[in-house]
Amino acid sequence: MLCASIKSSSMLLVHLLILSSILYSISSPAYDALLADITVPKNRQASYSLSYMGWNLGYAIGPILGGLLFKNALPFLFFGDGVTTLISMILVATFIGETKGKKDQEINSEKRPLEISQEGSVFHILFQRPILIFFALILFCYDFVYAQWGFALPLQLADLFGKNGAALYGTLASFNGILVIILTPLLTKVTKKIPAITVMSIGGFCYVLSFGSLAFVHILFLFYLDLFIMTIGEILISINSSVFIADHTPLSHRGRISAIIPIVTGAGYVVSPLVIGNFISYASIKDAWFLAGAIVFIAACLMSLLKRIDN
């Protein structure tokens with residue numbers, strides 16, 4: 001809301017936007033822990049699916065409204081963002097409330113033994129459950145490759161289609177948002193009886209097919225087909241990764257685990273453009289897609305192996 005009263009040319013506006021991103025990141029582990037607290041294994045996949053759809057619906061509508069307001073009424077863009085955030089916070093506080101301190105008696109120790117509260121630091125819990133560490137490292141590879149959707153793909157489109165590349169990338173991004181909203185409930189229904197880790201392995205192989213095949217794609221239609229396959233993988237991984245973490249985390253450590261694992265997995269987004277960017281400068285975009293496909297293939301195979309360890 002403070003941004004609404006600051007001129008767009010001021011660096012103070014930039015600093016406030018950076019601060020807002022930091023504060024949003026601080027709140028994310030609490031959000032993940034809250035969602036895990038109010039769900040049970042039976043309805044977790046459907047619940048995370050619904051939440052994921054809500055986020056993407058906002059992402060689909062937000063840029064349209066934001067673009068109009070940015071051009072005609074920039075202060076209302078920031079003010080509206082602050083008001084909607086305040087409304088969402090009031091809704092959560094009113095209809096959900098605090099879940100911290102929920103009694104372990106509400107958790108069936110026979111059916112949900114991994115969710116019982118434990119003593120010790122978050123690192124003690126992670127070393128007790130190395131499967132969470134392995135899981136985070138595999139997701140690091142998934143995110144490393146997925147980051148190329150926003151880095152190598154625009155470069156490839158610009159290389160193939162010249163000035164039209166940016167516009168075509170925008171249509172692909174919109175297509176991705178529409179697919180997420182349409183396919184999420186369908187994929188949730190189809191995979192609801194399949195273990196989360198198996199679904200994420202399938203999602204990984206969707207990444208193998210989509211990112212690896214981009215080395216051979218030169219026709220616009222095939223880019224849409226490739227994005228369709230990638231979006232299926234994105235949905236399967238995004239929904240079920242949160243389910244897996246919630247199912248394997250003690251009630252007492254949900255917030256902390258939800259903070260540590262995204263740091264590891266998110267590092268894939270951080271290092272990927274740097275690594276692949278340097279790789280492209282020495283090789284080519286085509287070779288970069290081969291590399292991305294190989295990395296995510298190994299990660300998907302390891303995710304399949306992790307299923308055996310989980311059992």
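Visitor: Let me start with one residue: is Cys-301 buried, partly exposed or exposed?
Guide: Happy to help, and please keep in mind that this is a predicted model. The relative accessibility of Cys-301 is 33%. Buried means under 20% and exposed means over 50%. The value for Cys-301 lies in between, so this residue counts as partly exposed.

Visitor: Which helix holds Cys-301, and how far is this residue from Ile-202 in space?
Guide: Cys-301 lies in helix 11, which covers residues 285–310. Along the sequence, Cys-301 and Ile-202 are 99 residues apart. From C-alpha to C-alpha, their separation in space is 9.6 Å.

Visitor: Now the whole fold: how many helices and how many strands are there in the protein?
Guide: Following the elements from the N terminus on, you read α-α-α-α-α-α-α-α-α-α-α. The count for the protein is therefore eleven helices and zero strands.

Visitor: Why can the protein be called as compact as a globular protein of its length?
Guide: The C-alpha atoms fill a box of roughly 60 × 50 × 35 Å along the principal axes. For 311 residues, the globule rule gives a radius of gyration of 19 Å. The protein is as compact as a globular protein of that length because its own value is close to that, at 21 Å.

Visitor: What share of the contacts with a separation of 6 or more joins residues 24 or more positions apart?
Guide: Contact here means heavy atoms within 4.5 Å. Among the contacts in the protein with a separation of 6 or more, the share from residues 24 or more positions apart is 80%.

Visitor: Which residues touch the most other members of the largest nonpolar core?
Guide: Nonpolar side chains tend to be buried together in soluble globular proteins. In this model, the largest nonpolar core has 63 residues. Helix 9, residues 220–247, gives the largest share of this core, with 13 residues. The members that touch the most others are Tyr-142, Phe-211, Trp-289 and Met-303.

Visitor: How many residues make up the second, separate core?
Guide: This core includes Cys-3, Ile-6, Leu-74 and Phe-78. Its full number of residues is six.

Visitor: Which residues does Trp-289 touch, not counting those up to four places away in sequence?
Guide: Trp-289 is one of the residues that touch the most other members of the largest nonpolar core. Beyond four places in sequence, the residues Trp-289 touches are Gln-148, Ala-152, Leu-153, Gln-156, Phe-211, Gly-212, Leu-214 and Ala-215.

Visitor: Is Leu-179 buried or exposed?
Guide: Leu-179 is found in helix 7, residues 165–191. Leaving out residues up to four places away in sequence, Leu-179 touches Thr-184, Leu-227, Phe-228, Thr-231 and Ile-235. Its relative accessible area is 8%, which is under the 20% cut-off, so Leu-179 is buried.

Visitor: And Ile-26, is this residue buried or exposed?
Guide: Ile-26 belongs to helix 1, residues 11–37. The relative accessible area of Ile-26 is 58%, over the 50% cut-off, so Ile-26 is exposed.

Visitor: Where is His-218, and which residues is His-218 in contact with beyond four places in sequence?
Guide: His-218 sits in the loop between helix 8 (196–213) and helix 9. With a relative accessible area of 52%, His-218 is exposed. Its C-alpha atom is 8.9 Å from that of Leu-157, 61 residues apart along the chain. Setting aside neighbours within four places, the contacts of His-218 are Leu-160, Phe-161 and Phe-223.

Visitor: One last thing: how far apart are the mean positions of the positive and negative charges?
Guide: The protein has 19 positive and 16 negative charges. The mean positions of these two groups are separated by 5 Å.

How values were computed. Residues numbered from 1 in each chain as written. Predicted model: local features only at pLDDT ≥ 70, side-chain atom pairs only at ≥ 80, totals over all residues. Heavy atoms only, no water. Core = buried A, V, L, I, M, F, W, Y, C linked by side-chain atoms within 4.5 Å. Buried < 20%, exposed > 50% of the residue type's maximum accessible area, 1.4 Å probe, protein only. Helix = DSSP H or I, 4+ residues; strand = E, 2+ residues; numbered from the N terminus. Rg over C-alpha atoms; globule rule 2.2 N^0.38 Å. Lys, Arg positive; Asp, Glu negative; His and termini not counted. Charge placed at Lys NZ, Arg CZ, Asp CG, Glu CD.
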